[in-house]
Amino acid sequence: MSVISMVLIVIVAFLAGMEGILDEFEFHQPLVACTLIGLVSGQLVPCVILGGTLQLIALGWANIGAAVAPDAALASVASAIILVLGGQGKAGVSTAIAVAIPLAVAGLFLTMIVRTLSVVCVHQMDAAAEKGSFAGIELWHIIAICLQGIRIAIPAAALLAIPSSTVAHALNSMPAWLTDGMSIGGGMVVAVGYAMVINMMATKEIWPFFAIGFALAAVSDLTLIALGVIAVSLALIYLKLSESGGSGNGGSNTGDPLGDILNDY
């Protein structure tokens with residue numbers, strides 16, 4: 001891998017770390033981070049597959065109260081780098097996915113360290129505010145955000161420092177039972193993550209659309225573009241039903257668009 005590619009990957013990792021807090025351009029999302037790394041490394045297709053698979057897992061990750069979700073940014077960047085250095089192409093996606101899960105959990109330790117350091121930045125911003133120094137507040141704010149980027153950039157640079165031949169040898173030396181087990185486990189984790197999302201979204205008015213999409217996905221003649229068009233159309237239909245639900249003279253708006261329409265009759 002060229003030096004330019006390595007520098008660009010570290011930049012992507014830095015942006016992914018910052019976006020884990022900013023949530024503006026979504027660089028920390030697996031699909032975006034892995035795609036960008038694949039783009040700058042010349043292995044776009046395997047990285048897009050990896051990002052799409054990890055995205056299904058990350059959909060079920062959310063910060064709830066004091067519980068912090070696994071670090072999607074570190075999991076995405078590290079697994080994409082391992083995939084690129086391994087040189088296995090699409091065949092290495094399952095291994096990269098299996099490695100991404102423990103990396104996401106390990107990223108919580110780095111998150112704890114950075115957030116502890118950010119407390120110092122907050123106190124410095126308080127001191128700057130007492131002096132009326134807006135420049136000081138902005139400076140410490142930028143420093144705190146950069147710490148989040150460094151949290152991902154340093155592990156990414158450390159992984160890139162490992163020779164690609166070493167990574168490829170380590171992956172190729174894994175026994176078949178281990179790689180097959182990691183592949184099966186990765187598939188199960190994807191299913192669990194998607195099931196968590198369905199469980200959070202599940203309502204009686206959503207299930208019919210889910211059943212239609214599940215049935216259409218089994219039709220082999222439909223391309224991904226066709227499925228996307230159907231999904232957008234179903235979403236527009238649901239939004240239209242949401243607008244018209246409970247608009248009848250005798251109905252009441254209960255928050256269930258299909259139920260409100262049926263109650264009107």
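## Overall architecture

Read along the sequence, the protein chain follows the pattern α-α-α-α-α-α-α-α-α-α-α. The secondary structure thus listed comes to 11 helices and 0 strands. The model described here is a predicted one.

The protein chain has 265 residues, of which 33% count as buried. Its accessible surface comes to about 14,800 Å², and carbon and sulfur atoms account for 72% of that area. Among contacts between residues at least 6 apart in sequence, 66% join residues at least 24 apart.

## The largest nonpolar core

The largest nonpolar core of the model contains 30 residues. Within this core, the residues with the most contacts are I37, L50, L54, V77 and I81. Six elements are listed as giving two or more residues to the core: α1 (3–22), α2 (30–41), α3 (44–58), α4 (72–86), α5 (93–130) and α6 (134–161). The largest share, 10 residues, comes from α4.

I81 offers a view of the surroundings of one core residue. When neighbours within four places in sequence are left aside, I81 is in contact with I9, A156, L159 and L160.

## Helix α5 and the residue G132

Helix α5 covers residues 93–130 and is among the contributors to the core. How far apart are the end C-alpha atoms of α5? They lie 52 Å apart, which agrees with the 56 Å that its 38 residues should span at 1.5 Å a residue.

α5 is followed by G132. The phi angle of G132 is positive, near 75°.

## A nonpolar patch on the surface

Nonpolar residues are also found on the surface, where L31, L39, L44, V45, V48 and I49 make a patch of about 460 Å². Helices α2 and α3 each supply at least two residues of this patch, and α3 gives the most, with 4 residues. Both α2 and α3 are also among the elements that give two or more residues to the largest nonpolar core.

L31, one of the patch residues, is found in helix α2. Is L31 buried or exposed, or does it fall in between? The relative accessible area of L31 is 37%. Because buried means under 20% and exposed means over 50%, L31 counts as partly exposed.

Conventions. Residues numbered from 1 in each chain as written. Predicted model: local features only at pLDDT ≥ 70, side-chain atom pairs only at ≥ 80, totals over all residues. Heavy atoms only, no water. Core = buried A, V, L, I, M, F, W, Y, C linked by side-chain atoms within 4.5 Å. Buried < 20%, exposed > 50% of the residue type's maximum accessible area, 1.4 Å probe, protein only. Contact = heavy atoms within 4.5 Å. Expected span 1.5 Å × (residues − 1). Patch = residues over 30% accessible without salt bridge, like charges linked within 9 Å, V, L, I, M, F, W, Y side chains within 5 Å. Areas by Shrake-Rupley, 256 points an atom, 1.4 Å probe, with all protein chains shown as cover. Salt bridge = Lys/Arg side-chain N within 4 Å of Asp/Glu carboxyl O.
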